[in-house]
Amino acid sequence: MTWRTRALRVAALALAIGGGLFALWRVSVSRLSPTAGQGAQAPAFVASTIDSTPGVRTLNDYRGRPLLLNVWATWCDPCREEMPSLQRLHEAYKDRGLQVVAISIDEPGDVGLIREFVAAHRLTFTVLQDGNKAIMTQYQVRGVPQTFLISSNGEIRGTRFSADWASEQSRALVDSVLFGDRAGR
């Protein structure tokens, strides 16, 4: 047997083992984590405020009103591009009861960077941090930015990846998904 044949066999074996381990991991994650898809109850989360004296916020703090929950990071270019449109959406819908909450998955030591970003972009909606990235598993986030549209009773009504939240299409989605028959009022 040539060295090339041996190398190919070793590579094939490594791929097979890696694929099997990945499949086992996905099954275990899906069993441990509640499903965070459309129609499911939004999983509980815990995140820190980015104030000078950090506090803790949970999903229960936002119950009773529609919630647009965005998972993002300062190092993510699509996230950075999306934030100004989230601010415009917040301004347009805050009087209708929509809560906009963005949870950063930046490292625990990056709270100053997050604060600078919020100040530079004049964000007035709630920005939290989950440095442990637990929300990634809880909500089965597949990439950032990912946004969850959650009804006032805590049901996930839709998810979107990077979006222009100031667009007519996005606002129509918010109206129909979160406000239903009250859309346009």
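Is Lys133 buried, exposed or partly exposed? Lys133 is partly exposed, with a relative accessible area of 26%. The views below come from a predicted model, and they lead from the sheet to its helices, its aromatic residues and a few backbone details.

**View 1. The open sheet has seven strands.** Reading across the sheet, the order is β2-β1-β5-β4-β3-β6-β7, and the pairing is mixed. To find the edges, look for β2 (56–58) and β7 (156–161), each of which pairs on one side only. From one strand to the next, the twist averages 30°.

**View 2. Strands β3 and β4 run parallel.** Here β3 covers residues 67–72 and β4 covers residues 99–104, with six bridges joining the two. A handy place to start is Leu67, whose bridge partner in β4 is Gln99.

**View 3. Helices α3 and α5 meet the sheet.** Helix α3 (residues 111–120) lies across β3, β4 and β5 (126–129). Its direction is at about 165° to β5. Helix α5 (residues 168–179) also packs on the sheet, where it touches β3, β6 (146–150) and β7. The angle between α5 and β6 is about 35°.

**View 4. Trp72 and Phe117 form a tilted aromatic pair.** The structure holds five aromatic pairs, and this view shows one of them. The ring centres of Trp72 and Phe117 are 5.1 Å apart and the planes meet at 40°, so the pair counts as tilted. Trp72 belongs to strand β3 and Phe117 to helix α3, so the pair links parts of the chain that are 45 residues apart. Are these two residues buried or exposed? Trp72 is buried, because its relative accessibility is 0%. Phe117 is buried too, with a relative accessibility of 5%.

**View 5. Tyr139 takes part in an aromatic cluster and in the largest nonpolar core.** The cluster brings together Phe45, Tyr62, Tyr139 and Phe148. The core has 46 residues, and Phe45, Leu68, Leu69, Leu98, Tyr139 and Val174 are those with the most contacts inside it. Elements giving two or more residues to this core include β3, α2 (77–93), β4 and α5. Leaving aside residues up to four places away in sequence, Tyr139 touches several residues, among them Ala36, Pro43, Phe45, Leu59, Leu69, Phe148 and Ile156.

**View 6. Two arginines place their charged ends over aromatic rings.** The charged end of Arg96 sits over the ring of Phe179, 4.4 Å from the ring centre. For Arg160, the ring is that of Trp165, and the distance to the centre is 5.5 Å.

**View 7. Three loops carry backbone details worth a look.** Most residues other than glycine have a negative phi, and most peptide bonds are trans. Which bond is cis in this view? The peptide bond joining Val144 and Pro145 is cis, with omega about 0°. Pro145 lies in the loop between α4 (134–138) and β6. Arg122, in the loop between α3 and β5, has a positive phi near 50°. With 69% relative accessibility, Arg122 counts as exposed. Lys133, the residue of the opening question, sits in the loop between β5 and α4. Phi of Lys133 is also positive, near 65°.

Notes:
Residues numbered from 1 in each chain as written. Predicted model: local features only at pLDDT ≥ 70, side-chain atom pairs only at ≥ 80, totals over all residues. Heavy atoms only, no water. Pairing = 2+ DSSP bridges. Helix = DSSP H or I, 4+ residues; strand = E, 2+ residues; numbered from the N terminus. Axes fitted to C-alpha atoms, helices over the stretch in contact; angles between N-to-C directions. Contact = heavy atoms within 4.5 Å. Phe/Tyr/Trp six-rings, centres within 6.5 Å; stacked < 30°, edge-to-face > 60°. Buried < 20%, exposed > 50% of the residue type's maximum accessible area, 1.4 Å probe, protein only. Lys NZ or Arg CZ within 6 Å of the ring centre and 35° of its normal. Core = buried A, V, L, I, M, F, W, Y, C linked by side-chain atoms within 4.5 Å.
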